[in-house]
Amino acid sequence: AAAGRSGAPPPATAAATEEGQRPSKRRKQSAAAAGAAGTSADAATVAVAAAAGLLEAASELGAELLSTLARAHEAGVSGIELYITWVDWACRLGQYKMAVSAADSACRRHASSAEAWACCLRLQMQLRSGRRKQQGAKEEVGAVGSEVVIGTLREALAAVPPERSTELWLLALEEVAGPSDLSKLADLLSSTMAAASKGPPSGGMGAVAARFVERISQEHGLEAARAFYRRLLPLPPAGGDFFRAAIALEQADRRHQQQQSGARTSPHDAAIKRLHEAAVDAYGSVDPEVWLDYAKYEMSQLRGAAPIYWRATKALADPDAFIEQYRQAMGSTPMS
């Protein structure tokens, strides 16, 4: 009676009421889930439509950009940066024939520009895997083999000042593959160096020749690399980096031979010494490093470096840097 007066249902009645409410709750939850799914599907549809619209707008903008760049070319107002932009965006939009045409135009309009020829070589690298449908391309493009790259490099070298050609050589060297192509490129370098002036103590064509020595050694072995650097020795010095690469090649072989034989001396010692002498003959008046390297080598052979030290102080136009470097490397300078 007390429970009835309070308005609370008896225990059995309360349980029945809760059980009766459960289906209603499940229906509400199902309806809410269905509504959420519908909302997600609608949102996805809207997002896809918006993305498609953006892509269409971007395509239209890209086409307009290419058209503007083409008109600038036709008007004769395109600088090298505009041509590079034209090639870049033509590739991005899959217009590879247009990219090739733009690169060719850049080289014709700016024939002495290393940047224009580098742009052309990089494009050829993109197309190097043969005749195929480029990824994302709207058109098929022709195969570009190593012979095309070497031909382009020949044209570039005839037009670009020698001191600006380093990047072009390195680009071409990274592109070529196979013994025949590398041999052709090495022949081209030899003929170019025969007509060139002396290279710098660091960088320049010396860095190119050094990279050739390394690449030939890696792919064709020590003897091929040795034959190549010996071809360059009678020519005007390519640069200090070339001599360092040749010396490193011979020293690596010397270490290998010593590990096998256990002998302290090696037949390669004479070759290494000749290379050091060639380096100081070429750059001994301006580059302290060639003398310091020579002195370190002589010390490693237990011959003492005093004769090299005194020759360096007389040959260098400013020997102070060498003297300081020698003192730091050796601990002291020879007594006079």
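Which side chain of opposite charge is nearest to the buried residue Asp181, and how many Å away is it? In this predicted model, the answer is Lys184, at 4.5 Å, and Asp181 has no salt bridge although it is buried. The legends below take up this residue and several other sites.

**Figure 1. Overview of the predicted protein chain.** The model is predicted, and its protein chain has 15 helices and two strands. Of the 336 residues in the protein chain, 37% are buried. Where contacts join residues at least 6 apart in sequence, 62% of them link residues at least 24 apart. The structure holds 18 salt bridges, some of which are shown in the later views.

**Figure 2. Surroundings of Asp181 in helix α8.** Asp181 is placed in helix α8, which covers residues 179-194. Once its neighbours within four places in sequence are set aside, Asp181 is in contact with Ser146, Ile150 and Val176. The residue is buried and lacks a salt bridge, and Lys184, the nearest side chain of opposite charge, is 4.5 Å away. A salt bridge requires the nitrogen and the carboxyl oxygen to lie within 4 Å, a cut-off that bears on the reading of this view.

**Figure 3. Contact of helix α6 with helix α8.** The axes of α6 and α8 come within 10 Å and cross at roughly 10°, and the two helices are therefore roughly parallel to each other. On the α6 side the contact is made by Ser146, Ile150, Leu153, Arg154 and Leu157, which meet Asp181, Lys184, Leu185, Leu188 and Thr192 in α8. Sorted by class, the residues of this contact are five nonpolar, two polar and three charged. Both Asp181 and Lys184 thus reappear here, on the α8 side of the contact.

**Figure 4. Contact of helix α5 with helix α6.** Helix α5 (residues 114-126) and helix α6 (residues 146-159) have axes that come within 10 Å and cross at roughly 180°, and α5 and α6 are therefore roughly antiparallel to each other. From α5, Trp117, Cys120, Leu121 and Gln124 meet Val148, Val149, Thr152, Glu155, Ala156 and Ala159 in α6. This contact comprises seven nonpolar, two polar and one charged residue.

**Figure 5. His73 in helix α2 and its contacts.** His73 belongs to helix α2, which covers residues 11-74, and it counts as buried because its relative accessibility is 15%. Leaving aside neighbours within four places in sequence, the residues in contact with His73 are Ser78, Tyr83, Trp86, Ser105 and Arg109.

**Figure 6. Ala90 in helix α3 and its contacts.** Ala90 is found in helix α3, made up of residues 80-92, and with a relative accessibility of 0% it counts as buried. Not counting residues up to four places away in sequence, Ala90 touches Leu66, Gln95, Tyr96, Met98 and Ala99. Between Ala90 and Val100, which are 10 residues apart in sequence, the C-alpha to C-alpha distance is 9.0 Å.

**Figure 7. Salt bridge between Arg244 and Asp241 in helix α11.** Side chains of opposite charge can pair when their charged atoms come close. The side chains of Arg244 and Asp241 meet in such a salt bridge, with an N to O distance of 2.9 Å. The two residues are three apart in helix α11 (residues 240-261), so they are separated by about one helical turn. Arg244 is partly exposed at a relative accessible area of 28%, whereas Asp241, at 18% relative accessibility, counts as buried.

**Figure 8. Salt bridge between Lys273 and Glu298.** Lys273 forms a salt bridge with Glu298, and the closest N and O atoms are 3.4 Å apart. This pair links distant parts of the chain, with Lys273 in helix α12 (residues 268-283) and Glu298 in helix α13 (residues 288-300), 25 residues apart. Lys273 is partly exposed, with a relative accessible area of 30%, whereas Glu298 is buried, with a relative accessible area of 6%.

**Figure 9. Salt bridge between Glu324 and Arg327, and a salt-bridge network.** The side chains of Glu324 and Arg327 meet in a salt bridge at 3.2 Å, N to O. Both residues lie in helix α15 (residues 320-330), where they are three residues apart, about one turn of the helix. Glu324 is partly exposed, with a relative accessible area of 37%, and Arg327, at 37% relative accessibility, also counts as partly exposed. Elsewhere, Glu223, Arg226, Glu250 and Asp253 are joined into one network by salt bridges that share partners.

Definitions and conventions:
Residues numbered from 1 in each chain as written. Predicted model: local features only at pLDDT ≥ 70, side-chain atom pairs only at ≥ 80, totals over all residues. Heavy atoms only, no water. Helix = DSSP H or I, 4+ residues; strand = E, 2+ residues; numbered from the N terminus. Buried < 20%, exposed > 50% of the residue type's maximum accessible area, 1.4 Å probe, protein only. Lys, Arg positive; Asp, Glu negative; His and termini not counted. Contact = heavy atoms within 4.5 Å. Axes fitted to C-alpha atoms, helices over the stretch in contact; angles between N-to-C directions. Parallel < 35°, antiparallel > 145°, perpendicular 65-115°, else oblique. Nonpolar A, V, L, I, M, F, W, Y, C, P; charged D, E, K, R; others polar.
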